[in-house]
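The exercises below ask you to read a structure step by step. Look over the sequence and the model, try each task on your own, and then compare your reasoning with the worked solution.

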Amino acid sequence: MHILWGSLIVVVGLFVVICGSTKSKFTLYRLMVARSRILWGEKVHRFYQIAGTMVIVFGVLVALGYI
């Protein structure tokens with residue numbers, strides 16, 4: 001079961017990293033950016049790249065059973 005949840009977490013992290021890198025116009029990502037822009041300003045896409053990378057690392061750890 002850890003592999004399933006870890007894989008899902010990694011997929012979400014990849015989504016965030018890819019959207020942050022391409023500055024995507026996907027509706028869900030645009031909503032997240034609109035909320036985060038208040039705090040992060042124009043660096044919001046870099047924030048999502050870093051946060052997505054951290055989510056991927058967490059997902060890998062879950063999949064391997066460390067967490």
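**Exercise 1.** Find the residues that Q49 touches beyond its neighbours up to four places away in sequence, and describe the surroundings of Q49.

*Solution.* Start with the contacts, where contact means heavy atoms within 4.5 Å: not counting residues up to four places away in sequence, Q49 touches V17, G20 and S21. Before going on, note that this is a predicted model, in which local features need pLDDT of at least 70 and side-chain atom pairs count only at pLDDT 80 or more, while totals for chains, interfaces and linings use all residues. Residues are numbered from 1 along each chain as its sequence is written, and side-chain values use heavy atoms, with hydrogens and water left out.

Next, place the residue: Q49 lies in helix α3, helices (H or I, at least four residues) and strands (E, at least two) being DSSP runs numbered from the N terminus. Then consider its cover: Q49 has a relative accessible area of 17% and is therefore buried, since buried means under 20% relative accessible area, exposed over 50%, and partly exposed in between, with a 1.4 Å probe and protein chains only. Finally, the side chains of Q49 and R46 are joined by a polar contact of 3.0 Å. A polar contact is a pair of N or O atoms within 3.5 Å; within protein, one must be able to donate a hydrogen and the other to accept it, and residues adjacent in sequence count only if both atoms are side-chain atoms.

**Exercise 2.** Decide whether H45 is buried or exposed, and find the residue whose side chain it joins by a polar contact.

*Solution.* First, H45 also belongs to helix α3, and because its relative accessibility is 14%, it counts as buried. Second, a polar contact of 2.8 Å links the side chain of H45 to that of Y29. Third, when neighbours within four places in sequence are left aside, the contacts of H45 are G20, K23, Y29, V33 and R37.

**Exercise 3.** Work out how the buried residues of α3 are arranged around its axis.

*Solution.* Begin with the list: V44, H45, Y48, Q49, G52, I56, G59 and V62 are the buried residues in α3. Seen down the helix axis, they fall within an arc of 145° (taken from the directions from the axis to the C-beta atoms), so they line one face of α3. The general reason is that an α-helix has 3.6 residues a turn, so residues three or four places apart point the same way. The buried residues of α3 pack against α1 and α2, whereas R46, M54 and L64, on the other side of α3, are exposed. As a case in between, take V57 in the same helix, α3 (residues 44-64): V57 is partly exposed, because its relative accessible area is 48%.

**Exercise 4.** Name the residues of the largest nonpolar core and the elements that give two or more residues to it.

*Solution.* A nonpolar core is a set of buried Ala, Val, Leu, Ile, Met, Phe, Trp, Tyr and Cys residues joined through side-chain atoms within 4.5 Å. The largest one has 6 residues, namely V16, C19, Y29, V33, V44 and Y48, and the elements giving two or more residues to this core are α1 (2-22), α2 (27-40) and α3. To follow one member further, leave aside the neighbours of V44 within four places in sequence, and its contacts are V33, S36 and R37. For the overall setting, the protein has 3 helices and 0 strands, and 28% of its 67 residues count as buried.
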